[in-house]
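Thanks for sharing this one. Below are a few notes to read with the structure open beside you.

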Amino acid sequence: FDGAVIGRKGAKLGPTAIREAFRYLGGWDPDAGQSLKGLRIHDAGDAPVEAGVLATHKVVQAHLAQLTKLGKPLVVLGGDNSLSYPTFRALQEAYGGKWGLIVIDAHYDLRPYEGEPTSGTPYRRILEEAPGQPLHPRNLVEVGIRAYANAPSLANYAKEKGVHIVSRGQVRDWGIAKVVAFALEHATAGVDHLMLSVDIDALDQSIASGCSAPGADGLTFHEAATLVNAVARHPKCRAMDLVEVAPELDPTGNTSRTAAQLVAAFAPGLHARLGTSK
């Protein structure tokens, strides 16, 4: 589904393309000395969609809520970034409690809206519309915010609310190890559960041009994958979503393969935490 995309469409084809890209991956990481052998991964198929953004969000939330009730870690492939809201709501419905959210994105996606939400609204919706305020602003950490990609009003909103922002420049200056420690510290303080949300446009356009809003000086794959793996290893992590992969906008197929490798970076984190029987 990409009916809420503000810019270039094409993310509705992302899930199929990411699945296809897994054909290029093996199950062993020589650097970590780790194999995924024994990790049971199930493809639950495509969630239903409807005509209209809110109608789609409703059926996606209901569909994902049934899956999350199985109690297994979930990876949701988008689709546009608006879907992060029903994904979060499904997790909230299944698990309850207080939540932390780590976002990898070039954009704040904290826009206000009138009428139907867009791909630029999901995290504001979670903060303001999710029943019971399951996500406090201090437990929202956004990593990879890119220069010349956002309005100052959104930065002001984040600052006023107490959202933790780590810009792309800060990632470079701090180093990814410090970013990981910062993100996990603030996102997990006083919460019961943790979600990771990844917009592929946070990565540099040299490796992720197939998205609605690619840009130069994005995160490297190593930076993004290191954070993804670290979040997966955290005992409070319940799910990851990966959105905005638009394969027709990248005829090389690099974006889809990059996305598949990010999912592969999430899997060994789960493997290390859960063992081979989950």
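1. Let me start with helix H4, residues 122-129. Six of its eight residues are buried, so the helix is largely enclosed by the rest of the structure. Please keep in mind throughout that this is a predicted model.

2. Which residues of H4 are buried? They are Pro122, Tyr123, Arg124, Arg125, Ile126 and Leu127. Two arginines, Arg124 and Arg125, are on that list, which you may like to look at on screen.

3. What covers the buried residues of H4? The cover includes four elements you can pick out as helices or strands before and after it: among them are helix H2 (53-68), helix H3 (84-95), strand S4 (99-104) and strand S5 (135-145). Helix H5 (152-161) and strand S7 (193-199) also belong to the cover.

4. Arg124 deserves a second look. Besides being one of the buried residues of H4, Arg124 has its charged end over the ring of Tyr157, 3.9 Å from the ring centre. A similar entry involves a lysine: Lys178 lies over the face of Trp174, at 4.8 Å from the ring centre.

5. Now to the aromatic pairs, of which there are three. One of them joins Tyr95 and Trp99: the ring centres are 6.1 Å apart and the planes stand at 65°, so this pair is edge-to-face. Tyr95 is partly exposed, with a relative accessible area of 25%, whereas Trp99 is buried at 0%. Together with Phe88, these two residues form one aromatic cluster.

6. Another pair is made by Trp174 and Phe182. Their ring centres lie 5.3 Å apart with the planes at 65°, so this pair is edge-to-face too. Trp174 has a relative accessibility of 27% and therefore counts as partly exposed. Trp174 is also the residue whose face has Lys178 over it.

7. Finally, have a look at Glu244, in the loop between strand S8 (237-243) and helix H9 (254-274). Does this acidic side chain have a partner of opposite charge, or none? Glu244 is buried yet has no salt bridge, and the nearest side chain of opposite charge, Arg8, is 9.0 Å away.

8. What does the side chain of Glu244 reach? It reaches the backbone nitrogen of Asn81, at 2.8 Å. Leaving aside residues up to four places away in sequence, Glu244 touches Asn81 and also Gly79 and Asp80, among others. Further contacts of Glu244 include Val5, Ala11, Ser119, Asp199, Ile200, Gly210, Cys211 and Ser212.

Definitions and conventions: Residues are numbered from 1 along each chain as its sequence is written. This is a predicted model: local features need pLDDT of at least 70, side-chain atom pairs count only at pLDDT 80 or more; totals for chains, interfaces and linings use all residues. Side-chain values use heavy atoms; hydrogens and water are left out. Buried means under 20% relative accessible area, exposed over 50%, partly exposed in between (1.4 Å probe, protein chains only). Lys and Arg count as positive and Asp and Glu as negative; His and the chain ends are not counted. A salt bridge is a side-chain nitrogen of Lys or Arg within 4 Å of a carboxyl oxygen of Asp or Glu. A polar contact is a pair of N or O atoms within 3.5 Å; within protein, one must be able to donate a hydrogen and the other to accept it, and residues adjacent in sequence count only if both atoms are side-chain atoms. Contact means heavy atoms within 4.5 Å. Rings of Phe, Tyr and Trp (its six-membered ring) pair if their centres lie within 6.5 Å; planes under 30 degrees apart count as stacked, over 60 as edge-to-face and the rest as tilted. A charge sits over a ring if NZ of Lys or CZ of Arg is within 6 Å of the ring centre and within 35 degrees of the ring normal.
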